[in-house]
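The exercises below ask you to read helices, loops and a chain interface from a structure, each with a worked solution. Please look through the sequence and the structure before starting.

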Amino acid sequence: MTITFKKNMALFGEGVTVEEAETLLQWLQTRPKAKLDLTQCTHLHTSNLQVMLGAKATVAAWPGDKNLKLWLQAAIKH
Amino acid sequence: MSTVLEQFLTESHDFLQRIGQSLIGLENTPGNASQMEELFRLVHTLKGNCGLFDYPEMSRVLHAAEDAMSAVRDGRLEFSGELADLLLDSMDFVTMLLGEIEETGECGAGHAGSSTLLAEAIHKFVDDYIGSDAPEDAGACSQDRTNGRQTVSEALRSLEDAPEEMRMEWYQRAVSGKPMLWVQYSPEAECFFKGEDPLYQAMQAPGVLWRSIIPSEHWPALAELDAYRCTLIFRFVTDASMEAVEEHFRYVPDQISIVPLQPYMLALPAGDENGGPVYEDFVSEALGHISAGNMDALGRAARTMLELSSASLWLASALRWLLLILEHEPHNQAASRAIVESLRTLESPAWETIAAQAGQTVPDTVQEGEPESLEAPLQGDSMANVIFRAQLEMLNGSDDSAWLPGRLKSAAASLKACYRSLGQAAIAEDIDTSLEKSLSQGSARPLVEWLEDRLETAGQAHPAAETFDALTIKPENQRETAPSEQAKVTDDEPKFGRRAEDLSPAKTLKVEQSKVDRLMNLIGEMVVAKNSLPYLAARAESVFGVRDLSREIKAQYAVINRIAEEMQDAIMQVRMMPVSFIFQRFPRLVRDISRKLGKEVSLVLEGENTEADKNVIESLADPLIHILRNSLDHGIETPDIRIAAGKPARGTLTIRAAQEADRVYIDITDDGKGIDPDIVKRKAYEKGLIDEAALDRISDQEAVNLVFAPGFSTAEAVSDLSGRGVGMDAVRAAVEKVNGTVSLQSERGKGTQIRLSLPLSMAVTNVMIIESSGGIFGVPMDMVVETVRIREDRINRIKNRQVAVLRGQIVPLRSLNDLLDTGKPQLRNDDGELATLVIRANGENIGIVVDDFREVVDIILKPMNGIMAGIPGYSGSALLGDGSVLMVLDPKELL
């Protein structure tokens with residue numbers, strides 16, 4: 001697993017795969033105030049992004065990867 | 001290399017071969033529908049398979065070929081020699097790519113150019129033929145247009161989110177001629193299950209300047225969210241070329257919409273509306289300047305206005321755009337006017353309408369997924385609805401202003417243009433009447449009422465039009481609203497492609513040759529092991545004196561022997577291949593060469609099912625091609641010469657294969673001009689191949705066979721000679737390598753026949769074992785003429801050479817010990833006779849003196865490997881039943 005779940009914070013690892021979307025969704029479903037730390041993330045599969053958007057999760061830290069950050073911000077501002 | 005790829009490669013070669021056959025078959029019988037279907041199916045499947053891998057070059061060409069074939073199948077295109085040429089070229093290209101993939105594991109990007117050229121050539125050929133007389137195409141085109149306009153408006157609305165400075169920068173780039181594209185990528189809902197990652201795909205897109213990701217539908221409650229159903233839409237603006245974007249999304253072209261942005265389309269003012277539109281004075285003044293063409297004055301007015309306004313206002317944004325457009329496109333009055341007019345409503349100009357009115361061809365180039373599933377009238381009406389509503393809104397503004405007449409006229413003009421494009425030009429009169437009423441009353445009312453009426457009727461006629469309020473039509477919706485005929489078509493469609501798998505499962509296994517070879521080796525060892533049983537039986541009797549055991553061993557040996565022989569036979573069968581394996585490439589070869597030479601030739605193939613060992617068959621390919629080329633080039637005459645000679649214009653080339661006992665005969669017969677023995681004789685004499693005496697002595701038949709003599713075939717001979725001569729000695733060498741022979745018969749003016757005689761199998765060789773200087777050697781039985789014992793006193797000497805007279809013929813004798821240079825004298829038997837093996841080599845009998853003869857055995861001949869390969873005089877080695885190694889001689893090389 002490349003996502004590390006803390007109490008109220010999910011730490012995303014380098015490449016978050018499609019398999020992890022379901023886990024992330026379940027985790028977010030029980031934690032409405034959860035925050036995401038994407039600092040380490042270099043890529044995440046679209047399904048994870050969709051879960052983040054659907055759950056309106058707050059991004060506490062954007063990824064270091066510039067391109068990924070641009071795309072995520074383009075998605076999350078909506 | 002992965003297993004899938006390996007399988008793809010093998011299958012593709014198969015497909016290509018069959019495609020080639022079908023193409024040539026179709027050329028002969030162009031009306032053959034079933035062959036056409038077959039061809040289409042083959043190309044379609046090949047293209048589909050190719051899609052599994054990342055070979056866009058191959059896909060592109062196959063796709064074009066498929067398009068062309070589909071056109072032929074539907075009767076829109078006639079099958080012709082030129083089309084066949086194109087398609088054959090394409091298949092050759094694909095074959096080349098496959099070869100490259102096989103060698104390097106990948107397909108070089110360097111072929112992209114030729115691939116595009118080929119694909120374009122095919123498309124052009126199809127288009128040229130079909131021309132503009134395809135109504136359905138025209139329909140599709142207009143659908144594209146309306147649909148495209150809709151996408152354009154969608155694009156514009158999404159662009160409002162991009163910061164103004166950014167858009168201004170794009171504008172400047174676009175004005176300077178850089179492409180500026182708006183791309184929408186709507187992945188299908190199930191795409192995650194296909195291993196796609198749309199975000200990654202979008203992120204890797206070339207030249208992205210700005211991006212946005214939106215959900216395609218409202219987010220459901222979190223508890224109901226399906227993580228694995230993709231509901232995102234990706235939009236971005238790029239300065240990459242259309243081709244680059246298409247290339248990037250080449251696997252999902254139907255999920256992509258591309259809108260090329262005209263510079264002015266980026267002018268979408270945004271900002272604080274500050275209580276609504278109150279700039280009428282400025283608007284009328286500005287419009288006046290535009291009508292007068294006084295752009296400088298407009299610019300001055302706009303600058304003044306801008307200085308007076310707060311920068312965050314919508315007005316200020318619009319003015320900035322106005323100034324930018326005035327600076328870069330001072331002649332684009334329509335754009336300037338639209339921006340000025342937008343100040344009345346504080347809504348971004350409807351650039352899509354302006355683009356359409358200005359006759360811009362923008363929407364033509366718009367690509368939208370599945371345009372064919374759209375219904376043109378519905379779409380057209382919906383677009384019209386959008387325009388009508390916009391006009392209605394405009395007209396509903398206050399009536400009491402000086403610019404009312406202008407506004408009315410412009411609305412009427414838009415409406416008329418709309419109806420014209422919907423093919424309802426007659427309605428224009430109604431609009432004119434309402435317009436006149438409105439103008440005379442000084443109120444927009446009559447026009448508004450008329451328009452509202454129209455909208456109502458339109459709404460009833462097309463209830464679906466309601467949904468277009470939202471302006472966004474998802475591909476799913478389009479599918480739902482697609483007319484039923486479309487659905488029917490798709491139901492009937494998959495007769496090709498998918499259903500190819502409905503064919504009964506193949507009863508053939510594809511096995512690598514190495515596996516069969518291994519079996520072959522194993523059975524060889526088995527035979528050897530089995531052969532040791534008789535030795536054992538002999539030992540049991542002679543050494544241990546147990547006679548009964550010896551008998552039992554012999555009985556067991558008989559059983560094992562039978563099974564082993566059957567096994568050997570079965571494995572030989574596996575290695576057997578029909579000659580059609582090489583014959584099938586001849587139709588194409590004959591067609592190509594005869595077309596090039598301007599000759600008419602029909603090729604007749606007979607006995608294609610005759611089988612022989614794979615190695616034998618494969619070794620035949622090159623010699624046969626050589627012979628065919630010769631026949632076509634030198635044998636068969638051009639049609640006019642043939643007619644002059646009283647022959648049919650069309651020459652016939654027959655290749656016949658047949659099996660006789662343990663040999664396969666292949667006859668290549670042509671009805672060309674044959675070989676002139678006199679010329680051959682003269683040439684051979686000039687080359688020093690025969691002497692003067694032979695010149696008169698040899699028969700015509702012997703003379704024509706001189707073409708096989710090494711050194712006969714030179715370039716000079718080719719040009720002067722009537723018939724063959726090109727590398728016939730090479731042909732003979734290749735055939736002899738597999739223990740075959742070549743003979744040639746020719747009659748001047750009538751034609752030539754070349755006969756190849758080949759062994760059925762090379763696996764088992766029949767050799768005679770001989771003894772010499774204490775060792776044993778094998779000599780291939782097919783070279784042995786006879787074995788004789790010659791008394792020493794009957795051996796004569798001619799010029800230091802031993803000879804003997806056998807059956808009235810002088811036979812030169814050579815001692816094997818001398819040939820092998822062992823330095824020992826040959827042994828005589830008790831009667832003082834020398835054992836002599838008479839063999840036939842290079843057309844004459846030669847006696848080889850050995851120590852003694854032994855039995856004849858079947859052996860599995862293994863060629864010499866490694867450092868042994870360089871030793872001349874031996875054709876290989878074999879294991880004998882007692883475990884000893886038998887060296888098999890190659891007498892031709894020895895002598």
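What follows is a short note on conventions and then six exercises with their solutions.

This is a predicted model, in which local features need pLDDT of at least 70 and side-chain atom pairs count only at pLDDT 80 or more, while totals for chains, interfaces and linings use all residues. Residues are numbered from 1 along each chain as its sequence is written, and chains are lettered from A and ligands numbered from 1 in the order in which they are written.

**Exercise 1. Chain B as a whole**

Task: State how many helices and strands chain B has, and what percentage of its residues count as buried.

Solution: Begin with the secondary structure, which for chain B comes to 34 helices and 22 strands; helices (H or I, at least four residues) and strands (E, at least two) are DSSP runs, numbered from the N terminus. Next take burial, where a residue is buried if 20 or more other C-beta atoms lie within 10 Å of its own, exposed if 12 or fewer, and partly exposed in between, with C-beta atoms placed from the backbone. By that count, 35% of the 895 residues of chain B are buried. Finally consider contacts, meaning pairs of residues whose C-beta atoms, placed from the backbone, lie within 7 Å. Among the contacts in chain B with a separation of 6 or more, 70% join residues 24 or more positions apart.

**Exercise 2. The two faces of a helix**

Task: Determine which residues of H18(B) are buried and which exposed residues lie on the face turned away from them.

Solution: First place the helix: H18 of chain B covers residues 427-441, and its 15 residues reach 21 Å from the first C-alpha to the last, close to the 21 Å expected at 1.5 Å a residue, where the expected span is 1.5 Å times one less than the number of residues. Then list the buried positions, which are B:Ile431, B:Ser434, B:Leu435 and B:Ser438. Viewed down the axis of H18(B), these buried residues fall within an arc of 105°, so they line one face of the helix; the arc is that of the directions from the helix axis to the C-beta atoms. The spacing fits a general rule: an α-helix has 3.6 residues a turn, so residues three or four places apart point the same way. On the face turned away from the buried side are the exposed residues B:Glu429, B:Asp432 and B:Ser440. Just after the helix, B:Gly442 takes a positive phi of about 65°.

**Exercise 3. A packed helix pair**

Task: Describe how H26(B) and H32(B) pack, giving the angle and the axis distance.

Solution: Helix H26 (residues 614-635) and helix H32 (residues 728-737) of chain B pack at about 155° with their axes 9 Å apart, the axes being lines fitted to C-alpha atoms, for helices over the stretch in contact, and the angles running from 0 to 180 degrees between N-to-C directions. That makes the two helices roughly antiparallel, a label for angles over 145 degrees. The contact involves B:Ser619, B:Asp622, B:Pro623, B:His626 and B:Ile627 of H26(B), together with B:Ala730, B:Val731, B:Ala734, B:Val735 and B:Lys737 of H32(B).

**Exercise 4. A tryptophan and its surroundings**

Task: Is B:Trp170 buried or exposed, and which residues does it touch?

Solution: B:Trp170 is found in helix H7 (residues 164-175) of chain B, and with 22 C-beta neighbours inside 10 Å it counts as buried. Leaving out residues up to four places away in sequence, B:Trp170 touches B:Met180, B:Leu209, B:Val237 and B:Leu266. The C-alpha atoms of B:Trp170 and B:Leu209 are separated by 8.7 Å, although these residues are 39 apart along the chain.

**Exercise 5. Where the chains meet**

Task: Identify which element gives the largest share of the side of chain B that touches chain A.

Solution: Start from the totals, in which 20 residues of chain B are in contact with 23 residues of chain A. The elements of chain B that give two or more residues to this side are helix H8 (198-203) and strand E2 (208-215), and the largest share, five residues, comes from E2(B).

**Exercise 6. Two loop residues with positive phi**

Task: Compare the burial classes of B:Ser773 and B:Lys799.

Solution: B:Ser773 lies in the loop between strand E12 (764-772) and strand E13 (775-780) of chain B, and has a positive phi of about 40° although it is not a glycine. With 17 C-beta neighbours inside 10 Å, B:Ser773 counts as partly exposed. B:Lys799, in the loop between strand E15 (795-798) and strand E16 (801-806) of chain B, is likewise not a glycine and has a positive phi of about 45°. With 5 C-beta neighbours inside 10 Å, B:Lys799 counts as exposed.

Terms used: Contact = placed C-beta atoms within 7 Å. Parallel < 35°, antiparallel > 145°, perpendicular 65-115°, else oblique.
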